[in-house]
Amino acid sequence: PLAAIMETLDCIEAENVTCASDGYNTEEWVKFHNGIDTNTVIDSGGSFWSGTFSLVDLTLDYNYQQNIGPNMASIRYVEKVVITDGSGFGLPPSSEHPYGAVFYQYEHALVTVDEDCKMVKWDQYGDNKEQTDVDEAIFPVLCDVGFYPPEVCSGVTAAPTNQSKKGGKSSKKKSKKIRGRN
């Protein structure tokens with residue numbers, strides 16, 4: 001199953017919505033973080049990944065990959081999360097926090113696939129603070145772009161107040177992907 005899982009993760013890093021979505025059994029999919037269901041819904045139509053790729057750039061640096069059963073693999077990695085500069089949502093490009101913020105999450109996932117090697121369970125373990133930091137940075141961006149209704153976002157803002165020092169160019173760049181040893 002490891003090869004199929006890694007292929008899907010490569011699709012995610014390449015921001016290929018169709019390819020990323022195809023790696024999941026969306027009817028059975030469940031994601032856990034430290035044993036708690038994250039209620040992450042990945043649809044077969046690509047809405048989840050399209051939205052995710054608009055919000056963040058993800059880079060995974062693997063330090064361990066191993067099949068551990070007929071339908072299960074273990075993967076340890078550092079996930080680099082770069083929040084959008086806002087330009088993809090029609091906002092002026094900004095590097096003012098949380099826009100352009102960079103986070104690192106050190107995680108270990110036990111991944112289960114079905115008989116078609118589509119992911120059905122992602123059971124990750126990692127630092128809760130690292131996860132919370134990303135969630136807290138993304139929330140005001142989602143408020144700024146109108147994803148949440150005003151009553152949910154009351155008093156929350158991350159709207160860019162100045163132009164990015166990058167001369168208006170998008171900060172959406174990919175970090176070099178480094179593969180670890182198996």
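Colleague: Which residues does I75 touch, leaving out those up to four places away in sequence?

Modeller: In this predicted model, I75 touches L2, I5, M6, L9, Y62, Y64, E107, H108, A109 and V111. A contact requires heavy atoms within 4.5 Å, so each of these residues meets that cut-off with I75.

Colleague: What makes I75 a member of a nonpolar core?

Modeller: Core members must be buried residues of the nonpolar set, joined through side-chain atoms within 4.5 Å. I75 belongs to the largest nonpolar core, which has 35 residues; therefore I75 counts as buried, under 20% relative accessible area. Along with I5, L9, I12, I83, M119 and W122, I75 touches the most other members.

Colleague: Which elements give two or more residues to this core?

Modeller: They are α1 (2–13), α3 (47–55), β3 (56–69), β4 (72–83), β5, β6 (119–126) and α4 (128–144). The largest share, 6 residues, comes from α1. In soluble globular proteins, nonpolar side chains tend to be buried together.

Colleague: How are the elements arranged along the chain?

Modeller: There are 5 helices and 6 strands, in the order α-α-β-β-α-β-β-β-β-α-α from the N terminus. Among contacts between residues at least 6 apart in sequence, 64% join residues at least 24 apart. Of the 182 residues, 42% count as buried.

Colleague: Why is the pair K129 and D133 called a salt bridge?

Modeller: The closest N and O atoms of K129 and D133 are 2.6 Å apart. The cut-off is 4 Å between a side-chain nitrogen of Lys or Arg and a carboxyl oxygen of Asp or Glu, so the pair qualifies. A search of the whole structure finds 1 salt bridge. K129 and D133 are 4 residues apart in helix α4, and therefore separated by about one helical turn.

Colleague: Why is K129 called exposed, but D133 partly exposed?

Modeller: Exposed means over 50% relative accessible area, and buried means under 20%. K129 has 54%, so K129 counts as exposed. D133 has 24%, which lies in between, so D133 counts as partly exposed.

Colleague: What makes Y104 eligible for a surface patch?

Modeller: Patch residues need over 30% relative accessible area and no salt bridge. Y104 has 41%, so Y104 passes the area cut-off while still being partly exposed. Y104 is found in strand β5 (residues 102–113). With V102 and Y106, Y104 makes a nonpolar surface patch of about 310 Å².

Colleague: How much area does the whole protein expose?

Modeller: The protein exposes about 9,700 Å², and carbon and sulfur atoms supply 52% of it.

Methods
Residues are numbered from 1 along each chain as its sequence is written. This is a predicted model: local features need pLDDT of at least 70, side-chain atom pairs count only at pLDDT 80 or more; totals for chains, interfaces and linings use all residues. Side-chain values use heavy atoms; hydrogens and water are left out. Patches are made of residues with over 30% relative accessible area and no salt bridge: like charges are joined within 9 Å, nonpolar side chains (Val, Leu, Ile, Met, Phe, Trp, Tyr) within 5 Å. Accessible areas come from the Shrake-Rupley method with a 1.4 Å probe; for residues, only the protein chains shown count as cover. Buried means under 20% relative accessible area, exposed over 50%, partly exposed in between (1.4 Å probe, protein chains only).
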